[in-house]
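Colleague: I'm new to reading models like this, so could you take me through a single part slowly? I'd like a close look at the largest pocket, and then whatever helps me place its surroundings.

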Amino acid sequence: MGEFMRSNLLNILITLMAINTATVAVILSKLYEISRLYNQKINDSFKNTKAQLLLSIREQVTLIGAALILSILSKKNNWSFEPVLINAGLEILLSTVFIYSLFILYDTAVAVLEFYE
């Protein structure tokens with residue numbers, strides 16, 4: 001992982017979470033409109049959808065926490081056991097956190113596009 005990415009990973013993850021949160025808000029407002037149109041409560045009609053949207057936000061908060069911990073650990077250079085292997089593993093985990101965060105954003109975007117079909 002490059003130095004730019006390592007030093008800005010938390011900012012990037014927070015930005016991705018903000019984008020995802022805004023997208024979720026748009027979806028939930030549309031679901032609310034549909035529920036109101038049919039005189040139903042949103043939890044009755046879209047309980048599972050709402051739960052999955054909120055789960056994506058929780059996943060991103062968890063990823064930010066994981067990235068923070070992994071970033072702190074990756075700055076430690078004096079591992080007593082296989083420091084090169086440990087640092088390589090931490091770099092892979094940090095990259096995985098970033099890729100998974102992008103996947104969550106992609107998944108939300110797909111939901112929005114399917115919503116308007």
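Modeller: Sure, let's start with what surrounds that pocket: 16 residues line it, and Gln-52, Leu-53, Asp-107, Thr-108 and Ala-111 are the ones that lie nearest its centre. Keep in mind that this is a predicted model. The volume of the largest pocket comes out at about 320 Å³. If you sort the lining by class, you get ten nonpolar residues, four polar ones and two charged ones. Where does the lining come from? Helices α1 (3-37), α2 (42-74) and α3 each supply at least two of its residues.

Now let's walk along α3, which covers residues 83-115 and is where you'll find Tyr-106. Tyr-106 counts as exposed because its relative accessible area is 53%, and the cut-off for that label is over 50%. Tyr-106 also belongs to a nonpolar patch on the surface, together with Tyr-100 and Phe-103. The accessible area of those three adds up to about 340 Å².

Just before α3, have a look at Glu-82, which sits in the loop between α2 and α3. Glu-82 isn't a glycine, yet its phi is positive, at about 45 degrees. Its relative accessibility is 42%, so Glu-82 counts as partly exposed.

Next, go over to α1, another helix that helps line the pocket. Side chains of opposite charge can pair when their charged atoms come close. A search of the whole structure turns up one salt bridge, and the partners are Glu-33 and Lys-30, with their closest N and O atoms 3.9 Å apart. That fits the cut-off for a salt bridge, which is within 4 Å. Why is the spacing along the helix handy to know here? Glu-33 and Lys-30 are three residues apart in α1, so about one helical turn separates them. Neither end is buried: Glu-33 is partly exposed at 43% relative accessibility, and Lys-30 is partly exposed too, at 28%.

Stay on α1 a moment longer and you'll reach Arg-36. Arg-36 is exposed, with a relative accessible area of 55%. Try tracing from Arg-36 to Val-61: they are 25 residues apart along the chain, and 31 Å separates their C-alpha atoms.

So, back to your pocket: picture α1, α2 and α3 each giving at least two residues to its lining, with residues including Gln-52 and Asp-107 among those nearest the centre.

Notes:
Residues numbered from 1 in each chain as written. Predicted model: local features only at pLDDT ≥ 70, side-chain atom pairs only at ≥ 80, totals over all residues. Heavy atoms only, no water. Patch = residues over 30% accessible without salt bridge, like charges linked within 9 Å, V, L, I, M, F, W, Y side chains within 5 Å. Areas by Shrake-Rupley, 256 points an atom, 1.4 Å probe, with all protein chains shown as cover. Salt bridge = Lys/Arg side-chain N within 4 Å of Asp/Glu carboxyl O. Helix = DSSP H or I, 4+ residues; strand = E, 2+ residues; numbered from the N terminus. Buried < 20%, exposed > 50% of the residue type's maximum accessible area, 1.4 Å probe, protein only. 1 Å grid on protein atoms, 1.4 Å probe; cavity = no way out; pocket = protein on both sides within 12 Å on 5 of 7 lines; lining within 4 Å. Points joined across faces, edges and corners; volume = space filled by probe spheres on them. Nonpolar A, V, L, I, M, F, W, Y, C, P; charged D, E, K, R; others polar.
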